[in-house]
Each structure stands twice: as structure tokens, then as C-alpha cells.
Amino acid sequence: KGLVVSFGEMLIDFVPTVSGVSLAEAPGFLKAPGGAPANVAIAVARLGGKAAFVGKLGDDEFGLMLAGILKKNGVSGDGLTFDQGARTALAFVTLKADGEREFMFYRNPSADMLLTPDELNLDLIRSAKVFHYGSISLIVEPCRSAHLKAMEEAKKAGALLSYDPNLRLPLWPSAKEAREQILSIWDKAEVIKISDNELEFLTESNTVDDATAMSLWHSNLKLLLVTLGDHGCRYYTKNFKGSVEAFKVNAVDTTGAGDSFVGALLGKIVDDHSIIEDEPRLKEALKFANACGAITTTKKGAIPALPTEAEAFELIKKASQ
Ligand code: ATP
């Protein structure tokens, strides 16, 4: 099996023990390991694929805990480094009663932001068949330079580049800066996944129709995906476009659904990039990815809710009966 290397941040989300409260009102918090690129690596491995995570953790209890989670889930930690000074990143996250998510990040700076280009395990990065990344690693130096170098090395070695910007607006100095920086690496990626909200944000429009999505098309791109929560996803390639509907599930926590979706898709295309050009096979892969996303919403947290291949097949079978 080909290797999926996922680059970026891994951190601990602290989520309130009760739902529908503000951060200030929360009576207590539970640790929920996360960070989109780490979730994607674990999603690939949970489904039986080969995955590695590249990033930096603090040399502290939380960093060691996160490294242990990668290992336990069969994700290679050969690309991990540990910072002797800065702490592992933390985020306090709550879903308030009005449905809005409230974030409070502890990154001043956190270890992930301090990854330098010299610390990259280039042998590992060059062995990737798919190299996946987000945009949080673009926000500050030196991590930004490490990100750009890793991307370039993976590309030179023949990897397919996959990008999920995973917008976290509170981390950026301004919305304008976020949009500009996210789009600054846009034309490198061959697979891009965005949510409908990110589509609106990036195009500065209030529609999510095909024309809006296609305004983000570029000549290196092979596949653009727009995820729509419980409405499934839309896909765009050079030659065709369409949509794949979602599975009906009892959603309790959507955290990580997008990462589960991406991990499932990358696990399918890593050994056969031609799936992207073959509409029936692409639709089949996206149905599988939708099933994985749906399952992830049925349990609390991201990593504990990522499915195995058997669980995904079971949902697909049940839905077809
Ligand atoms: P996140 O950032 O929360 O990880 P996202 O916004 O990137 O997620 P979503 O569109 O929420 O991505 O979800 C990804 C995929 O997961 C969807 O395309 C869909 O197939 C599935 N999914 C998400 N929410 C639901 C739901 N409530 N019911 C069924 N399927 C869902």
C-alpha cells in the first residue's frame, strides 16, 4: 500500500463536560486529541492504509500522549519532532446554545508553530504517494517555511498533493490575511477539499453554486470537493462534475467528519490516482468517504469516532437495503 503523509498540527481540544454552554460557563473540560492533519493520518490508518504524520509536539506530558495515540493507531511517528521549550498546542472549544462554536487557543507559541525546515524528515516526505496538508501551518514562521519545503519535496518526489484549508479564522490576524494566505498555495494542490462555508469565505460570495466552486478551479487541479454536511458532497474534475448524497445517521458531534471524509478518499486514491478520472469509480470512493464522515458524526470526539473499513461497509450495506 502507498503511504499517505499528512503534515501540520496535532493538539488537544478541551471540550466542556456539558453541552450548550459558553467557555466561561463550562463546569469542566475533557481532553479530545485532534488537529485536522493528525485526524486525517489516523483516519487512513484506521481504514487499513499506511499513514505518517509530520509535525512538532511539545516535549511534555501532552506531547508524549499524542505521540502515543499516533502509535497506537498505527500511524508512523518517524516525522515527529519534539520542542524542548514550547508546549503542545491546546484549544478550548465549545458549542454554545445558539449553535456557534467558540474557540480559545493556547499557542503563544506552541510547539507545532516552531517546526523548522531543517527538522523535516525528508526521506519520509519523499516516500509519500499522497502528501496532505492544511493551512494552519502557514500562519507563522518558521512552520510556514517548513510547510512550503515539505510540499515542494513531496511534489518533486512525485506525490499527489492534497489540501484541506480547514479555516480557523480566530488564528489569523485578519480575514483578509487568512484568505490571501490560504489562496497563496492554491495552485499547487491537485486535490482540494473545502466545506460550503469555506467556499463562501474564499470566494467572498454568498452562493455555493457550481459557478462559485468553479471560480476556484486552476490548471494543476484534478479534483475539487465541496462537502455539505448532511447534504453529502459535490465533486468537480476537468471533465465532469456531480454530487453524492449523504447517509442518514443520528449525528451527535460533527467534529472530524471532514477529516474522516478526506482520510477515506485519500486511502482509496493513494494506490490508484486514476480513480479521479473515472466518474463511476470516483463516485464509489466518495460514497465510501461520505459513509466514513457520517459515522464520525455518530460518536463524540474526532479520533475515537473514526471508522474501520468494516463499519463503513456495514453502513453502506444497511443504507442499500
Ligand atoms: P469538520 O470541519 O467538522 O471536520 P467539514 O465541514 O470539513 O467537517 P462536513 O461537510 O461537515 O465537513 O462533513 C464531511 C462529510 O461527512 C460530508 O460530506 C458528509 O458526507 C458527512 N457528514 C457530515 N455531517 C453529516 C451528518 N450530519 N449526517 C450525515 N453525514 C454527514
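This section describes a helix pair, the buried face of one helix and the surroundings of the ligand in a predicted model.

Two packed helices are described by the angle between their axes and the distance between the axes. For helix H9, spanning residues 279–297, and helix H10, spanning residues 309–320, the axes come within 9 Å and cross at roughly 105°. Because angles of 65 to 115 degrees count as roughly perpendicular, H9 is roughly perpendicular to H10. On the H9 side, the contact is formed by Lys287, Phe288, Ala291, Cys292, Ala294 and Ile295. These residues meet Glu309, Glu311, Ala312, Phe313, Leu315 and Ile316 of H10. By class, the residues of the contact between H9 and H10 comprise nine nonpolar and three charged residues, with no polar ones.

In helix H5 (residues 175–184), the buried residues are Ala178, Arg179, Gln181 and Ile182. The buried residues of H5 pack against three elements of secondary structure, namely helix H4 (143–156), strand E9 (160–163) and helix H6 (196–203).

The ligand is surrounded by 20 residues, of which Lys193, Gly229, Gly232, Gly258 and Asn290 come nearest. Polar contacts to ligand oxygen atoms involve both side-chain and backbone atoms of the protein. In the case of Lys193, a polar side-chain atom lies 2.4 Å from an oxygen atom of the ligand. An N or O atom in the side chain of Asn290 is 2.7 Å from an oxygen atom of the ligand. Gly229 contributes a polar backbone atom, at 2.8 Å from an oxygen atom of the ligand.

How values were computed. Residues numbered from 1 in each chain as written. Predicted model: local features only at pLDDT ≥ 70, side-chain atom pairs only at ≥ 80, totals over all residues. Heavy atoms only, no water. Axes fitted to C-alpha atoms, helices over the stretch in contact; angles between N-to-C directions. Helix = DSSP H or I, 4+ residues; strand = E, 2+ residues; numbered from the N terminus. Parallel < 35°, antiparallel > 145°, perpendicular 65-115°, else oblique. Contact = heavy atoms within 4.5 Å. Nonpolar A, V, L, I, M, F, W, Y, C, P; charged D, E, K, R; others polar. Buried < 20%, exposed > 50% of the residue type's maximum accessible area, 1.4 Å probe, protein only. Near = heavy atom within 4 Å. Polar contact = N/O pair within 3.5 Å; in protein donor to acceptor, adjacent residues only side chain to side chain.
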